[in-house]
Amino acid sequence: MYNPYYIWGVPDYVPEDQVAAIADLLKPDAALRMSRRIQDINAGAGISRFSKAMVTEYALDGDGYYFAQGTEADCFNRFEQFYAEEE
């Protein structure tokens, strides 16, 4: 997700017509594929502040999405695991 900031990555196996914007995470087809956990990279990072706010601003929390505090290693490990499993 690149607008308004470079914030979240979406793997290339997720078709762009399904998830091209943050609001698309609420579409039924996309929601079926997505984990609801938005993983933090570290508490002091600007991306963390924006991501936490976006969960509320885009009403993602109403569909069960949530922001999880963590470390850079937590974020990268989670992405790599989910990428390998195509989740």
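1. Burial first: of the 87 residues in this protein, 34% count as buried. Keep in mind throughout that this is a predicted model.

2. On overall size, the radius of gyration is 12 Å, and that agrees with the value near 12 Å that a compact globule of 87 residues would have. The C-alpha trace covers about 35 × 30 × 20 Å along its principal axes.

3. The secondary structure is quick to list: three helices and two strands. Reading from the N terminus, the order is α-β-α-β-α. The elements that come up again below are α1 (28-33), β1 (37-39), α2 (46-57) and β2 (66-68).

4. How much of the contact set links residues 24 or more positions apart? Taking the contacts with a separation of 6 or more, such pairs account for 64%.

5. Now the surface. The accessible area adds up to about 5,600 Å², and carbon and sulfur atoms hold 53% of that.

6. Charge next: I'd note 15 negative side chains against 7 positive ones. The centres of the two sets sit 6 Å apart.

7. How many salt bridges does the structure hold? There are two, and each gets a point of its own below.

8. One of them pairs Asp24 with Lys27, with 3.5 Å between the closest N and O atoms. Is Asp24 buried or exposed? Asp24 has a relative accessible area of 14%, so it is buried, the cut-off being under 20%. Lys27, on the other hand, has a relative accessible area of 36% and is therefore partly exposed.

9. The other salt bridge joins Asp63 and Arg36, whose closest N and O atoms are 3.6 Å apart. Here the partners come from distant parts of the chain, 27 residues apart. Asp63 belongs to the loop between α2 and β2, while Arg36 belongs to the loop between α1 and β1.

10. Where do those two stand on exposure? Asp63 is partly exposed, with 31% relative accessible area. Arg36 comes out at 22%, and because buried means under 20%, it counts as partly exposed.

11. To pull the salt bridges together: Asp24–Lys27 combines a buried Asp24 with a partly exposed Lys27, whereas in Asp63–Arg36 Asp63 is partly exposed and Arg36 is partly exposed too.

Notes:
Residues are numbered from 1 along each chain as its sequence is written. This is a predicted model: local features need pLDDT of at least 70, side-chain atom pairs count only at pLDDT 80 or more; totals for chains, interfaces and linings use all residues. Side-chain values use heavy atoms; hydrogens and water are left out. Helices (H or I, at least four residues) and strands (E, at least two) are DSSP runs, numbered from the N terminus. The radius of gyration is taken over C-alpha atoms; the globule rule is 2.2 Å times the number of residues to the power 0.38. Buried means under 20% relative accessible area, exposed over 50%, partly exposed in between (1.4 Å probe, protein chains only). Contact means heavy atoms within 4.5 Å. Accessible areas come from the Shrake-Rupley method with a 1.4 Å probe; for residues, only the protein chains shown count as cover. Lys and Arg count as positive and Asp and Glu as negative; His and the chain ends are not counted. The place of a charge is taken as NZ of Lys, CZ of Arg, CG of Asp or CD of Glu. A salt bridge is a side-chain nitrogen of Lys or Arg within 4 Å of a carboxyl oxygen of Asp or Glu.
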